[in-house]
Amino acid sequence: MKISIINGPNLNLVGVREPQIYGNKSMATYLDELVAQYPDVEFELFQSNHEGSIIDEIQRVGFDVDGIVINAGAYTHYSIAIGDALKAVTAPAIEVHISNVQAREAYRHVSMIKDSCRCVIAGYGLDSYRRAVDAILTGNFSAGE
Ligand code: DQA
């Protein structure tokens, strides 16, 4: 079983960035812990602040892995191109967010990638990623927000 975790802009700063929203734990520490919890899963971890690099990564892994967990950060709200890339590949994708985007500014309520994803998991802090991994492993995509 192979799972790709793709993080978009500013998610490399989780732990430092707005800790009242995103918490104090660094993304690198969290992902190390997550990977350790699933010794039988082969993870592909990727982060970029650049839209085209995220699309290249979706195209690179998207015909090979069993699932994609994607937090596209702010690109979620306006990147039709990332949505199209997720539609183009065969791997099922799950949109994740650390914060509860529906409870934040109106511009964060819109997702340009959700129609390309099996479900959206948001607002559980970093645990949103684990929930998405579990959804891929169990095939239960009804987790929702
Ligand atoms: C985020 C929510 C986005 O609105 C924001 O731009 C981010 C992080 C989240 O994980 O809560 O960068 O995707």
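Reader: What makes Ser 99 a polar contact of the ligand?
Author: Distance. A polar side-chain atom of Ser 99 lies 2.6 Å from an oxygen atom of the ligand. A polar contact is a pair of N or O atoms within 3.5 Å (within protein, one must be able to donate a hydrogen and the other to accept it, and residues adjacent in sequence count only if both atoms are side-chain atoms), so the Ser 99 pair qualifies. The model is predicted: local features need pLDDT of at least 70, side-chain atom pairs 80 or more, while totals for chains, interfaces and linings use all residues. Residues are numbered from 1 along each chain as its sequence is written, and side-chain values use heavy atoms, without hydrogens or water.

Reader: How far from a ligand oxygen are the polar side-chain atoms of Arg 17 and Arg 108?
Author: Arg 17 has one at 2.9 Å. For Arg 108, the distance from a side-chain N or O atom is 2.8 Å. Taken alone, the ligand exposes 320 Å², and the protein buries 98% of that (Shrake-Rupley, 1.4 Å probe).

Reader: How do the shell residues around the ligand divide?
Author: Into 4 nonpolar, 5 polar and 2 charged. Asp, Glu, Lys and Arg count as charged.

Reader: Why is the pair of Tyr 38 and Phe 43 called edge-to-face?
Author: The count comes to 3 aromatic pairs (ring centres within 6.5 Å). One of them is Tyr 38 with Phe 43: 6.2 Å centre to centre, 65 degrees between the planes. Planes over 60 degrees apart count as edge-to-face, under 30 as stacked, the rest as tilted; therefore 65 degrees gives edge-to-face. Both residues are buried (under 20% relative accessible area; exposed is over 50%, partly exposed in between).

Reader: Where does the charged end of Arg 131 sit?
Author: Over the ring of Tyr 124, 3.6 Å from its centre. The rule asks for NZ of Lys or CZ of Arg within 6 Å of the ring centre and within 35 degrees of the ring normal. Arg 118 lies over the face of Phe 141, at 4.4 Å from the ring centre.

Reader: Why is Cys 117 in no disulfide?
Author: The count comes to 0 disulfides. The nearest cysteine sulfur to that of Cys 117 belongs to Cys 119, 8.2 Å away. A disulfide needs sulfur atoms within 2.5 Å, so Cys 117 is in none.

Reader: Why does Cys 119 count as buried?
Author: Because its relative accessibility is 8%. Cys 117, at 11%, is buried too.

Methods
Rings of Phe, Tyr and Trp (its six-membered ring) pair if their centres lie within 6.5 Å; planes under 30 degrees apart count as stacked, over 60 as edge-to-face and the rest as tilted. Buried means under 20% relative accessible area, exposed over 50%, partly exposed in between (1.4 Å probe, protein chains only).
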